[in-house]
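Trainee: I should like to work through this model with you, one question at a time. Please reason from the geometry in each reply.

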Amino acid sequence: MIKLNEAVVQRLKELLDERKEKPYYLHKKGGIPLSTISEVLNCKYSTITLTTFFKLCRALDISTIDFFNSPLFDEISD
């Protein structure tokens, strides 16, 4: 079992790796503060805002549905 915030972080890292990009890419392309990206990627948030999540998806050029289209989200625990 994995927590939702951990699955989100793993998925973000997976998508960045696929694109051969660094977290700075999300800042430049998505207009997301570097501090927010760092806190998300280091699992310092138990949740992220919908606005931040939407910006992350737009920066990665994927839909929110595509973001969650991963086995990581099959068995989420509370």
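Trainee: What distance separates the end C-alpha atoms of H1?

Mentor: This is a predicted model, in which local features need pLDDT of at least 70, side-chain atom pairs count only at pLDDT 80 or more, and totals for chains, interfaces and linings use all residues. Residues are numbered from 1 along each chain as its sequence is written, and side-chain values use heavy atoms, with hydrogens and water left out. Helices (H or I, at least four residues) and strands (E, at least two) are DSSP runs numbered from the N terminus, and the expected span of a helix is 1.5 Å times one less than its number of residues. The 16 residues of H1 should therefore span 22 Å, which agrees with the distance between its end C-alpha atoms, 23 Å.

Trainee: Which residue just after H1 takes a positive phi?

Mentor: The phi angle there is about 55°. The residue that takes this positive value, just after H1, is Lys20.

Trainee: Which residues of H1 are buried?

Mentor: Buried means under 20% relative accessible area, exposed over 50%, and partly exposed in between (1.4 Å probe, protein chains only). The cover over the buried residues of H1, counted by contact (heavy atoms within 4.5 Å), includes strand S1 (2-3), H2, helix H3 (34-41), H4, H5 and strand S2 (76-77). The buried residues of H1 are Asn5, Ala7, Val8, Val9, Arg11, Leu12, Leu15 and Leu16.

Trainee: With which residue does Arg11 meet in a salt bridge?

Mentor: A salt bridge is a side-chain nitrogen of Lys or Arg within 4 Å of a carboxyl oxygen of Asp or Glu. Arg11 is buried, at 8% relative accessible area, whereas its partner is partly exposed, at 31%. The two are three residues apart in helix H1 (residues 4-19), so about one helical turn separates them. At 2.4 Å, N to O, the partner of Arg11 is Glu14.

Trainee: Which salt bridge links distant parts of the chain?

Mentor: Side chains of opposite charge can pair when their charged atoms come close. Here the N to O distance is 2.5 Å, between Asp61 and Lys29. Asp61 lies in the loop between helix H4 (50-59) and helix H5 (64-68), and Lys29 in helix H2 (residues 23-30), 32 residues apart. Asp61 is exposed at 58% and Lys29 partly exposed at 40%; the pair that links these parts is Asp61 and Lys29.

Trainee: How many salt bridges are there by this rule?

Mentor: Besides the pairs already discussed, Glu18 and Arg19 meet at 3.8 Å, N to O. Glu18 is exposed, at 53%, and Arg19 is partly exposed, at 28%. By this rule, the count of salt bridges is three.

Trainee: Which element gives the most residues to the lining of the largest pocket?

Mentor: On a 1 Å grid over the protein atoms alone, a pocket is an open set of points where a 1.4 Å probe fits, with protein on both sides within 12 Å along at least five of seven lines, and lining residues have an atom within 4 Å of a point. Of the 13 lining residues, the closest to the centre are Leu4, Asn5, Val8, Thr47 and Ile48. H1 and H4 are the elements that give two or more residues. With four residues, the element that gives the most is H1.

Trainee: Is Ile32 buried or exposed?

Mentor: Ile32 is found in the loop between H2 and H3. Leaving aside neighbours within four places in sequence, its contacts include Leu26, Ile37 and Leu56. At 2% relative accessibility, Ile32 counts as buried.
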